[in-house]
Amino acid sequence: MNPVTAECEERMNKTIAALKDALGALRTGRASPALFDKIRVEQYGAKVPLNQVATLSIPEARLVVINPFDKNSIGEIEKAIRISELSLNPSNDGKVIRIQIPPLTEDRRKDLAKQARTQAEQARVAVRNIRRDGNEELKKLQKDSKLTEDEEKQATKALQDLTDALIKKIGDIATEKENEILKV
């Protein structure tokens, strides 16, 4: 594999990883620590990720228990969760925060499935853009006589095969997430 194809593959794999992260943050009606990955808590004058100020556990399918390292930060953690886009209502007993994950309505499930499809399409576009950049780089190398015409054609075909495989993988990931969201 030539360096251009290798670099494109690395960038495409990063796109897939970013898609998995984005889809992991979508609420499915079941409790998951990934739901809270984007929540930042005000701590000592700085915004830090929730998982750096507390442990998250899932004792039941629809319950999240947050145990802060510093009990004085319960109010800030609760505030960060309330103002997040998750629409969750935390309650605390002075030691831990409990969050009941309500079941999703039919409309909300459809909306989340649509978001998953949109994010998957954005990932497909990103992969295709990376392929385009790689093809342009290969043509430039061939024009500068650093690659023969046959090498350029082989590398372009390898890049296309890689793109096709990753587009299929994105589709599989999106379908799996949609099914997870729409499952009651």
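1. **The β3-β4 pair.** Strands β3 and β4 run antiparallel and are joined by 5 bridges. They form a hairpin, with 2 residues between the strands. One register point is easy to check on screen: A54 has P68 in β4 as its bridge partner. Bear in mind throughout that this is a predicted model.

2. **The rest of the sheet.** The hairpin belongs to an open sheet of 4 strands, ordered β3-β4-β6-β5, with antiparallel pairing. Its edge strands are β3 (54-60) and β5 (91-92), each of which pairs on one side only. Strands of a sheet pair through backbone hydrogen bonds, either parallel or antiparallel. On the other pairing of β4, 4 bridges link residues 63-68 of this strand to β6, residues 97-100. Here too the strands run antiparallel. To fix the register, use L63, which stands opposite Q100 in β6.

3. **A31, a loop residue.** A31 sits in the loop between α1 (3-24) and β1 (40-43). Is this residue, A31, buried or exposed? A31 is buried, because its relative accessible area is 14% and the cut-off for burial is under 20%. Leaving aside neighbours within four places in sequence, the contacts of A31 are I58, E60, A61, R62, L63, V64 and I101. One of these, L63, is the residue that stands opposite Q100. For a sense of scale, the C-alpha atoms of A31 and D164 are 34 Å apart. Along the chain, 133 residues separate the two.

4. **L166 in α4.** L166 lies in helix α4, which covers residues 149-182. L166 is buried, with a relative accessible area of 7%. Which residues does L166 touch, not counting those up to four places away in sequence? They are M12, N13 and I16. A further distance to check is that from L166 to A123: their C-alpha atoms are separated by 9.8 Å, and the two residues are 43 apart along the chain.

5. **N135 in α3.** N135 is part of helix α3, residues 106-143. N135 counts as buried, at 16% relative accessibility. Setting aside residues up to four places away in sequence, N135 touches T156 and L159.

6. **The largest pocket.** The largest pocket holds about 390 Å³ of space. It is lined by 20 residues, and the closest to its centre are A25, L26, E85, L86 and R108. Which element gives the largest share of the lining of the largest pocket? That is α3, with 4 residues. By type, the lining splits into 10 nonpolar, 5 polar and 5 charged residues.

7. **Two backbone angles to inspect.** Most residues other than glycine have a negative phi, and most peptide bonds are trans. Y44 has a positive phi, near 55°, and is not a glycine. Y44 is found in the loop between β1 and β2 (46-49). Y44 is exposed, with a relative accessible area of 73%. S145 also has a positive phi, about 60°, although it is not a glycine. S145 lies in the loop between α3 and α4. At 64% relative accessibility, S145 counts as exposed, because the cut-off for exposed is over 50%.

Conventions: Residues numbered from 1 in each chain as written. Predicted model: local features only at pLDDT ≥ 70, side-chain atom pairs only at ≥ 80, totals over all residues. Heavy atoms only, no water. Buried < 20%, exposed > 50% of the residue type's maximum accessible area, 1.4 Å probe, protein only. Contact = heavy atoms within 4.5 Å. Pairing = 2+ DSSP bridges. 1 Å grid on protein atoms, 1.4 Å probe; cavity = no way out; pocket = protein on both sides within 12 Å on 5 of 7 lines; lining within 4 Å. Points joined across faces, edges and corners; volume = space filled by probe spheres on them. Nonpolar A, V, L, I, M, F, W, Y, C, P; charged D, E, K, R; others polar.
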